[in-house]
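Thank you all for coming; I would like to walk through one structure this morning, with the sequence and the coordinates on the screen, and I will try to keep to what can be read from them.

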Amino acid sequence: MQTIDQYNFAGKKALVRVDFNVPLDKDYRITDDTRIRAATRTIRKILADGGSVILMSHLGRPKGGPEEKYSLRHLVSRLSTEYGIPVKFAPDAIGAEAVELARTLQPGEILLLENLRFYPEEEKGDAQFAQRLASLGDVYVNDAFGTAHRRHASTAVVAESFPQARVGGYLLHSEVENANRVLNNAERPFTAIMGGAKISDKIEIIEQMLDKVDNLLIGGGMAYTFAKAQGGDIGASLLEGDKMDLALSLIQKAKEKGVNLVLPADSIIADKFANDANVDVAANTHIPPTWMGLDIGPTTREEFAAIIRNSKTILWNGPMGVFEMSNFSLGTEYVARAIAEATANGAYSLIGGGDSAAAVNQLGFADRVSYISTGGGALLEYMEGKTLPGVAALG
């Protein structure tokens, strides 16, 4: 894969796929601009070379056509502030106005195209749609790691139109380098922390990690399927009944491979799924009927934190409980704090995107970990050993 530093953008129009899928409030204000800031270094490099930038992104999940709440026009003001120049906007991606704005774009200028997912051809990976996008620029830059696991028109197919001029941006390279460090060059002890609701979402990465880690800590909703599979009473806790045999097989595989697989000993339980519920502590295998586990308990918090603090490489993907509710956020906070402490003592920590990244940012530990990935699904698939179409297309 050619790096962005190997290319001189002078006089070139760079077609840059970014991931500006940022959260907006009801007044269309950006509530977290992390993904915008993540692409800035790439865009500044192109402008500094004397090139111009045509930005392509998606936003949200529009249903087959334009929707005001998913329009990228809501980002124009924030982007203009970020780059210090007025950002032009094309209210379509491939229409006559976009073509004309791209044609007249001057070195040092930036054009933002409307949401690519307003066109069904984008997610279908339509070749003709990709060619129309390609016709707008001279060189293709992919800096959208968060969508690199999708073979969409703008993330993979468009690269075929630029056999000699396709490069990965700084963010994309950084994501791949950090993932490779954990996968291939992990200093030991190596601890992976897996949370979230379902085993089915994490089965492949758990199996992959069993060949690599010393410790595998399991939290979140999926821990209760393991507890039930071992004959425990989990009350009304989250259960994937058809995954209990799988849970037992993972426990057995961990034993065979000498991996320290640690399941929660206790939980913070509640009598309803709400922040104002009645709360208690129970062993994970003795949760009363109608009660549900919504966070790891105090014994588990201390056990997980101790293992994390003694680790040299840490991968975290998925919260320990319903961290969005303050009464069930302490387990996730303990994990984040322990990772920050380990990092301060020389450990390398990679935070998988999605909820884990949100938790680290929300809890104020963002600058105390080694790397926070911008790609939840993309990072998981890369860690599972899968080929990412958006990365492969740059080869």
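Before anything else, let me fix a term: when I call a residue exposed I mean that its relative accessible area is over 50%, buried means under 20%, and partly exposed covers what lies in between. Please also keep in mind that what you see is a predicted model.

With that cut-off in hand, take D276, which counts as exposed because its relative accessibility is 59%. Its side chain meets that of K272 in a salt bridge, with a nitrogen-to-oxygen distance of 3.4 Å, and K272, at a relative accessible area of 38%, is partly exposed. As a general point, side chains of opposite charge can pair when their charged atoms come close. In the structure as a whole there are 21 salt bridges, and I will pick out two further pairs.

One of them joins R29 and D27, whose side chains meet at 3.3 Å, N to O. R29 is exposed, with 52% relative accessible area, whereas D27 is partly exposed at 43%. This pair does not stand alone, for D25, K26, D27 and R29 are linked in a network of salt bridges.

The other pair is E204 with K386, again a salt bridge of 3.3 Å from N to O. What does this pair tie together? E204 sits in helix α8, residues 199-209, while K386 belongs to the loop between α14 (376-383) and α15 (389-392), so the salt bridge connects parts that are 182 residues apart in sequence. Both ends are partly exposed, E204 with a relative accessibility of 39% and K386 with a relative accessible area of 32%.

Let me turn from paired charges to a group of like charges. R61, K63, K69 and R150 gather on the surface in a patch of positive charge. Of these I would point to K63, which is found in the loop that runs between β2 (52-56) and α3 (76-83), and which is exposed, with a relative accessible area of 70%.

Two members of that patch, R61 and R150, also appear in an annotation. For "binding site", an unreviewed UniProt entry lists D19, F20, N21, R35, H58, L59, G60, R61, R117 and R150. Is F20, one of the listed residues, buried or exposed? F20 lies in the loop between β1 and α1, and with a relative accessibility of 0% it counts as buried.

There is a further list under "binding site", also from the unreviewed UniProt entry, and it names K202, G293, E324, G353, G354, D355 and S356. These positions are spread over 155 residues of sequence, and they are spread in space as well, with up to 24.0 Å between C-alpha atoms. E324 has its place in the loop between β15 (313-317) and α12 (330-344), and at 54% relative accessibility it counts as exposed. G354, for its part, is located in the loop between β16 (348-351) and α13 (355-362), where it is partly exposed, with a relative accessible area of 47%.

I would like to finish with the backbone, since some of you may want to look at the torsions yourselves. Which peptide bond is cis, with omega near 5°? It is the bond from R188 to P189, and P189 is found in the loop between α7 (170-184) and β7 (190-194).

Positive phi values in residues other than glycine are also present, and I will mention two. Y28 has phi near 65°; this residue lies in the loop between β1 (13-17) and α1 (34-38), and it is partly exposed, with a relative accessible area of 31%. T290 has phi near 75°, and is found in the loop between β13 (286-287) and β14 (292-296), where, at 59% relative accessibility, T290 counts as exposed.

To draw one thread together, the loop between β1 and α1 holds both F20, in the "binding site" list, and Y28, with its positive phi, although F20 is buried and Y28 is partly exposed.

Key
Residues are numbered from 1 along each chain as its sequence is written. This is a predicted model: local features need pLDDT of at least 70, side-chain atom pairs count only at pLDDT 80 or more; totals for chains, interfaces and linings use all residues. Side-chain values use heavy atoms; hydrogens and water are left out. Patches are made of residues with over 30% relative accessible area and no salt bridge: like charges are joined within 9 Å, nonpolar side chains (Val, Leu, Ile, Met, Phe, Trp, Tyr) within 5 Å. Accessible areas come from the Shrake-Rupley method with a 1.4 Å probe; for residues, only the protein chains shown count as cover. A salt bridge is a side-chain nitrogen of Lys or Arg within 4 Å of a carboxyl oxygen of Asp or Glu. Lys and Arg count as positive and Asp and Glu as negative; His and the chain ends are not counted. The place of a charge is taken as NZ of Lys, CZ of Arg, CG of Asp or CD of Glu. Helices (H or I, at least four residues) and strands (E, at least two) are DSSP runs, numbered from the N terminus. Buried means under 20% relative accessible area, exposed over 50%, partly exposed in between (1.4 Å probe, protein chains only). UniProt positions are given in the numbering used here, feature names are shortened, and annotations may be inferred rather than shown by experiment.
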